[in-house]
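Please walk through this model with the sequence and the coordinates side by side. The text starts at the metal ions and works outward.

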Amino acid sequence: MDLEFIKRVGIAAAYKGGNVLRSHYGRIAKIDKKGAIDLVTEADTASERKIIATIKRLFPDHAILAEESGLNIGEPDHQWIIDPLDGTTNFTHGLGLFSISIAFVLSGETVFGVVLIPETGEIYTAVKDKGAERNSQPIGVSETRLVSESLLITGFPYNSKDIINPLMTRLANCLSASQGVRRLGSAAIDLCFVACGRFDGFWEQNLKPWDTAAGEFIAREAGAVVTDFSNKPFTIDKKEILATNGKIHTEMLSLIQLKDGRLLKS
Ligand code: IPD
Ligand code: CA
Ligand code: CA
C-alpha cells in the first residue's frame with residue numbers, strides 16, 4: 001500500500017472539508033440535535049459529503065465509517081474513519097477550536113491520520129513508523145515526569161449527566177494532583193496537543209471511533225502511550241482513553257482508575 005498516496009488524499013480531503021466548515025462558520029442558520037446536547041449542523045453534513053467524495057473519487061472500493069452517515073460498506077481491509085467536524089458545540093458558539101479528523105485503517109491497523117484545525121491553520125499528520133508532524137515539522141510528546149508538573153486535558157461526553165459522579169471524581173483527582181486541567185471541546189485536538197507536548201496527558205470516557213482514530217494514532221507516532229483506563233492498549237472501538245507522554249502514565253492511571261465510583265488507591 002502506498003501510504004504517501006493515502007497521506008496526500010487524506011490531507012486533500014481534510015482541506016476540502018475545512019473549506020466547507022469555514023464557509024459555514026458564523027453563518028449557521030439551523031442546528032439540529034442528535035441528543036439532548038449533541039448538536040449537528042449543515043456544516044457537519046456538508047463537510048462529510050465533501051470529504052467522502054474526495055476519498056471515493058480515488059478509492060471507490062474503500063470502506064468508510066463517518067459520523068453523520070455511518071458505515072459505507074466497501075473493502076473491509078481498507079477503511080477510512082471520519083469526523084467531519086469535531087467540536088460542533090464550539091463551532092456553533094463561534095469558538096474556533098474545532099477540527100476535521102480522518103484516519104486510514106489497513107487490515108485493522110491505523111496507518112495514517114490527519115487532524116486539521118481550520119481556524120488556526122495547524123495540520124497534524126502521522127504515517128505508520130514515520131513519526132508525527134505539525135505543518136510538516138516533526139513533533140513529540142513532553143518530557144514532564146510528574147503529574148504535579150503537568151498540564152492535563154479532558155473532555156465531557158454528551159451523556160455526562162448519567163456518569164456525573166465518576167466524571168467528577170476523576171476530574172477532582174487530576175485537578176488536585178496537577179498544575180491544571182483544561183477542556184477544549186474537540187477530542188481530536190486534545191490528542192494532537194498531547195502529541196506536540198502542549199499537554200502532558202488526556203483522558204476521556206464515552207468517545208466514538210471517529211473522535212479518537214486519527215488523534216490517538218498521531219499521539220502514538222509522536223511518542224505517546226495510549227491505553228484504556230485499565231492500562232490495556234487502546235483500540236478504536238474502545239470508549240475510554242488515556243493518552244500521556246508515557247512518563248506520567250502510571251501516575252495518571254492511579255488518578256482515574258475507579259472502583260464503584262471511588263479511587264482504587266488513595
Ligand atoms: C465531541 C468532541 C468533544 C468530546 C465529545 C465528542 P463532536 O465530538 O470531541 O471534545 O468531549 O465527547 O463527542 O460531537 O463535536 O464531533
Ligand atoms: Ca467528535
Ligand atoms: Ca463530529
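The paragraphs below take up the metal sites, the bound ligand and then several single residues.

This is a predicted model, in which local features need pLDDT of at least 70 and side-chain atom pairs count only at pLDDT 80 or more, while totals for chains, interfaces and linings use all residues. Residues are numbered from 1 along each chain as its sequence is written, chains are lettered from A and ligands numbered from 1 in the order in which they are written, and side-chain values use heavy atoms, with hydrogens and water left out.

Begin with the calcium ion (ligand 3). Which residues coordinate the calcium ion (ligand 3)? E67 does so through OE, D83 through OD, listed twice, and L85 through O, at 2.2 to 3.2 Å. Donors here are N, O and S atoms within 2.8 Å of the metal (3.2 Å for Na, K and Ca); water is not among the atoms, so sites may look incomplete. Along the chain, these donor residues follow the spacing E-x15-D-x1-L. E67 lies in the loop between strand 3 (62–66) and strand 4 (70–72), whereas L85 lies in strand 5 (residues 75–86), so the pair ties together parts that are 18 residues apart in sequence. Helices (H or I, at least four residues) and strands (E, at least two) are DSSP runs, numbered from the N terminus. Both E67 and L85 are buried. Buried means under 20% relative accessible area, exposed over 50%, and partly exposed in between (1.4 Å probe, protein chains only).

The other calcium ion to consider is ligand 2. The calcium ion (ligand 2) has as protein donors D83, D86 and D211, each through OD, at 2.1 to 2.2 Å. The spacing of its donor residues in sequence is D-x2-D-x124-D. D83 bridges the calcium ion (ligand 2) and the calcium ion (ligand 3), and the two ions lie 3.7 Å apart. D83 and D86 are both buried.

Ligand 1 comes next. How many residues surround ligand 1? There are 17, and the closest are D86, G87, T88, Y158 and E204; a residue counts as near if one of its heavy atoms lies within 4 Å. D86 therefore appears both in this list and among the donors of the calcium ion (ligand 2). Strand 5 supplies the largest share of the shell around ligand 1, three residues.

Several side chains place polar atoms by the oxygen atoms of ligand 1. For R183, a side-chain N or O atom is 3.2 Å from an oxygen atom of the ligand. For E67, a polar side-chain atom lies 3.5 Å from an oxygen atom of ligand 1, and for D211 the distance from a side-chain N or O atom to an oxygen atom of the ligand is 3.5 Å. Taken alone, ligand 1 exposes 370 Å², and the protein buries 95% of that. Accessible areas come from the Shrake-Rupley method with a 1.4 Å probe; for residues, only the protein chains shown count as cover.

Two loop residues stand out by their backbone angles. Most residues other than glycine have a negative phi. D129, although not a glycine, has a positive phi of about 65°. D129 sits in the loop between strand 8 (122–127) and strand 9 (132–134), and is exposed, with a relative accessible area of 64%. S136 also has a positive phi, of about 70°, and is not a glycine. The place of S136 is the loop between strand 9 and strand 10 (137–139), and S136 is exposed at 56% relative accessible area.

Turn now to the helices. Is H249, in helix 7 (residues 249–256), buried or exposed? H249 is buried, with a relative accessible area of 4%. Its side chain makes a polar contact with the side chain of T244 (2.8 Å). A polar contact is a pair of N or O atoms within 3.5 Å; within protein, one must be able to donate a hydrogen and the other to accept it, and residues adjacent in sequence count only if both atoms are side-chain atoms. K7, in helix 1 (residues 3–24), is buried with a relative accessible area of 18%. A46 belongs to helix 2 (residues 42–58) and is buried at 14% relative accessible area.
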